[in-house]
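Ready for some practice in reading a protein model? Work through the exercises below with the structure in view, and try each task before you read its solution.

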Amino acid sequence: MADGGYLSLRENTKITLTTYRAYGDERDESLIDLAKGALRSVTGWIAKQKSTAYNVRTPMVTIGRARHRSR
């Protein structure tokens, strides 16, 4: 993604990038509508600068969050 994020879709997944603005300012935002399937997302600067600016809408959802360990 333009903001340094990563989006991976499983086979037969249907999404719409409803809103995606990544110019490096306070108006950046991302809204992904997941209609069917599964996706994996690693957020970029949009979510890191303002977590409320990054959203994924789904009809039903199961969310898992990876935790990084310090070495």
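**Exercise 1. List the residues that Asp28 is in contact with, leaving aside its neighbours within four places in sequence.**

Step 1: Contact means heavy atoms within 4.5 Å. Step 2: With those neighbours left aside, Asp28 is in contact with Arg21, Ala22, Tyr23, Trp45, Ile46 and Ala53.

Before going on, a word on the model. It is predicted, so local features need pLDDT of at least 70 and side-chain atom pairs count only at pLDDT 80 or more, while totals for chains, interfaces and linings use all residues. Residues are numbered from 1 along each chain as its sequence is written, and side-chain values use heavy atoms, with hydrogens and water left out.

**Exercise 2. Decide whether Asp28 is buried or exposed, and find its polar partners.**

Step 1: Buried means under 20% relative accessible area, exposed over 50%, and partly exposed in between (1.4 Å probe, protein chains only). Asp28 has 6% relative accessibility, so Asp28 counts as buried.

Step 2: A polar contact is a pair of N or O atoms within 3.5 Å; within protein, one must be able to donate a hydrogen and the other to accept it, and residues adjacent in sequence count only if both atoms are side-chain atoms. The side chains of Asp28 and Trp45 are joined by such a contact of 2.8 Å. The Asp28 side chain also reaches the backbone nitrogen of Tyr23, at 2.8 Å.

**Exercise 3. Place Asp28 among the strands, and describe the sheet.**

Step 1: Helices (H or I, at least four residues) and strands (E, at least two) are DSSP runs, numbered from the N terminus. Asp28 lies in the loop between E2 and E3.

Step 2: Two strands pair if DSSP finds at least two bridges between them. Three strands form an open sheet in the order E2-E3-E5, with mixed pairing. At its edges are E2 (14-21) and E5 (54-57), each pairing on one side only.

Step 3: E3 (residues 29-36) and E5 run parallel and are joined by four bridges. Asp33, for example, has Arg57 in E5 as its bridge partner.

**Exercise 4. Name the residues of the largest nonpolar core.**

Step 1: A nonpolar core is a set of buried Ala, Val, Leu, Ile, Met, Phe, Trp, Tyr and Cys residues joined through side-chain atoms within 4.5 Å. Step 2: The largest one has six residues: Ala22, Ile32, Ile46, Ala47, Ala53 and Tyr54. Step 3: Ala53 touches Asp28, Glu29, Ser30 and Ile46, not counting residues up to four places away in sequence.
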